[in-house]
Structures are given as structure tokens and as C-alpha cells.
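Hello,

Here is the structure you were expecting. Please open it alongside this note; what turned up follows below.

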Amino acid sequence: MIRHAAPVALCALLPIFAVAQPAAGQQPAPAAQQQPAPRPAPLPLSDPRAVQLGVRVQPDTVTVGDRFTVFVRVRAPAGATIAFPAGPDSGTVELVTTAAFTEPRVDSLWVEQTAGYRLAAWDVDSQPLPFADVVVRAGTVERRVPFGARSIFVRSVLPADTTLHVPKPAREMFSFGIPRWLLWLLAALLALLLALLAWWLWRKLRRREQQLPPFERAQREFDRIEAMHLPEHDEGARHVALMTDVLREYLAARVAEASASQTSWELLRAMQSADPGRWDAAVQARAERLFARADLAKFAAARIPPDEARAAGAEARALVADTERRIAASEAQSSGGKGTPARREAA
């Protein structure tokens, strides 16, 4: 049974070999020639996929003033030129050293170049990296590739709960403003100048008043005090004191023995020793009553009713008028009626 099975299997395989083997005298067909695959052409610059930009910040976290590096790698179509920005435009991140650029790597499809920037940040928290666009040119075509919203995180070296961090505003490179201390100095000089001017005017007016005859000066002072209406405002004591001071100034200017710095008693004694024609007993008694009333108003703070204050002021004015009349008559008599009697002015 096994002997007959082997010839049968062999017979079944003969048609397969007959198909695989070529006929006698026939050459086998040559294999199809293999054509090389066509090389892809570089993408045009206007294609969105033509330019690729990658950014790497190393390290990504620093402290204030620490240096870090930003690597920018750009891949563009072959034949294109790449122009990197010189550094960040502005802000709290600045360029420490000049940017470094690698030699472009070129093949048949791409050109690739990398730029490195050494930077430092001067404020804490997340600080942006304000780089300008990368410019890629191919012939007359130009394309600007934005840098993107990149940032560096600046860690503070202060404790977490500190309140000392108050960033100062950016200062101008050239400041031509006037310092505050100079303004205060100018204001002080101006105030001093105004004070000196006021003092000079006051001295000039006072000197002009002192050049008036004593009687006219006394009458002007009496008018000025009465225009204040002190008795009507329940200031009778002040009214009496001021009117009596005018009398004292007048006597000091008209009588050689009298002085404005003398007390009331000393002034009365000086008037007694003067020419009797200038100061008789009746005038002496009137002056004693007036000076006594004025001393109570000055040193004892005595209240003087309005009517009494006005009467005392009128008495001071009358004493000045009587004394001036007596002195003028005495001077005229001593000069024999020749010329106008000379009047001694206050120093």
C-alpha cells in the first residue's frame, strides 16, 4: 500500500514544476529595472510648515540677578537666510553679553541655525522675554516668525511673609528735573527776601513818622487809637494804657529831663524839675491821676468802664495840648519872638 502511494504523490507534483520551469530553448524574462525615488523639493517660504522655531530656557528658574541662557533654533528651507534679534527689547530682563550664533547647518532641504542669549532678570515672579521677531528671507520673499509668549520665573530670596519687596519704578536715563531740596531752598530765600522788604518798609515808615514834630505825631497816634473803638468792645483798660503811652512818648520828645523808659513816678519828678512855665501844679495833679489810673490798668488788670476810658483818653489828649501850648509860649518868650520856635525831635 505504501509502495503505490509514493508514485502517486510524485505524479501530482509534476504539473507544478512544469509551470515553474521554462520551456526548452526559451530564455527567462529579464527582471524589471528599479527606478530611484524622486527627491522631494524644499517647501516654499510661504508654506506654514516651511519655518520651524524652537526655544529653550536654561535654567527655567533663577533668582534676581542670576544669569540664564535662552537658545533659539530656527529651521528654514534651503537657500534661505535667518536674521535673529540682537536681544530683548525692554523690560526687567536685559542682555548680559553679546548674543552668540552658530554656523548654519545646510543640506538639500533645510538650513538650520541656533542663537544663544545670556540674560539676567531684575524682578521677581514670572518675567516675560520680550524678543523681536525672527526674520527669514528667501530671494525677494520675507517672513517674520514671532518669538512667542516666553517667560522666566525669578524666585525671591526673601522670606515668604516679608513686606520689604517694593519694586522701584524705572528711572529715566537722563533726568533734568529740579531737586526738591533746591525748591525748598528757593522758597526759604524768597520768604527771607519778603521779610527783609517788609522790615525795610516798616523802618522807612517809622522813620518818616519820627521826623514829624512830636505834637503832630501824638495827635496822629491819638486818632489811630480812637479809631479802634476799644471802649465799645469792653477794652477800656487797653484804651487808657495806649493813650497814656502816647502822652509819655510826647513828654519824652519835648522835655529834656523826661524819658519814655521812666516809671510814672520818675516821669512826674522829671516834669517837676523842668521849667515851671511848662508844668504847673494843676497839670501835675491831672497827670498824677491819669498815670495812676493807667498803672492800675497795666499792672493790676483793673477793668475800666467805657465812659471812664474815653474820659481818660480825652484827658491824655488835653494834657498834650496844654503842655504843647505852654512849651510853645515859653520857647517864643525865650527867643524874644524872633522866628519860629525850634522843636526837639525824638531820637
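The count of aromatic pairs comes to three. This is a predicted model, so read everything here as computed from it. One aromatic cluster is formed by Tyr117, Phe131 and Phe147. A charge also meets a ring. Arg75 places its charged end over the ring of Trp110, 5.5 Å from the centre.

Next, strand E8. It covers residues 110-121, and nine of its 12 residues are buried. The rest of the structure therefore largely encloses E8. Its pairings are as follows:

- E3 (residues 67-77) runs antiparallel to E8, joined by 11 bridges. Here Phe68 lies opposite Leu119 of E8.
- E5 (residues 93-95) is antiparallel to E8 as well, with three bridges. Leu95 stands opposite Leu119 in E8.
- E6 (residues 100-101) makes two bridges to E8, again antiparallel. Ala100 has Gly116 of E8 as its bridge partner.
- E7 (residues 105-106) also joins E8 by two bridges, in antiparallel fashion. Val106 is found opposite Val111 in E8. The E7 to E8 connection is a hairpin through three residues.

There is also an open sheet of three strands. Its order is E4-E10-E11, and the pairing is antiparallel. Strands E4 (81-83) and E11 (141-145) are the edges, each pairing on one side only. From one strand to the next, the twist averages 20°. E10 (residues 134-138) pairs with E11 over five bridges, antiparallel. One bridge sets Ala138 against Val141 of E11.

Now the helices. How do H5 and H6 pack, in angle and in distance between axes? The angle between H5 and H6 (residues 281-299) is about 165°, and their axes are 10 Å apart. Roughly antiparallel starts over 145 degrees, so H5 and H6 fall in that class. Their crossing is right-handed.

Last, the loop between H4 (236-254) and H5 (264-272), which holds Ala256. Is Ala256 buried or exposed? Ala256 has 66% relative accessibility. The cut-off for exposed is over 50%, so Ala256 counts as exposed. Ala256 and Met271 are 15 residues apart along the chain, and their C-alpha atoms are separated by 9.3 Å.

A good place to start is E8, given its four partners listed above: E3, E5, E6 and E7.

Best wishes

Definitions and conventions. Residues are numbered from 1 along each chain as its sequence is written. This is a predicted model: local features need pLDDT of at least 70, side-chain atom pairs count only at pLDDT 80 or more; totals for chains, interfaces and linings use all residues. Side-chain values use heavy atoms; hydrogens and water are left out. Two strands pair if DSSP finds at least two bridges between them. Axes are lines fitted to C-alpha atoms, for helices over the stretch in contact, and angles run from 0 to 180 degrees between N-to-C directions. Rings of Phe, Tyr and Trp (its six-membered ring) pair if their centres lie within 6.5 Å; planes under 30 degrees apart count as stacked, over 60 as edge-to-face and the rest as tilted. A charge sits over a ring if NZ of Lys or CZ of Arg is within 6 Å of the ring centre and within 35 degrees of the ring normal. Buried means under 20% relative accessible area, exposed over 50%, partly exposed in between (1.4 Å probe, protein chains only). Angles under 35 degrees count as roughly parallel, over 145 as roughly antiparallel, 65 to 115 as roughly perpendicular and the rest as oblique. A crossing is left-handed if the near helix is turned anticlockwise from the far one by less than a right angle, and right-handed if clockwise.
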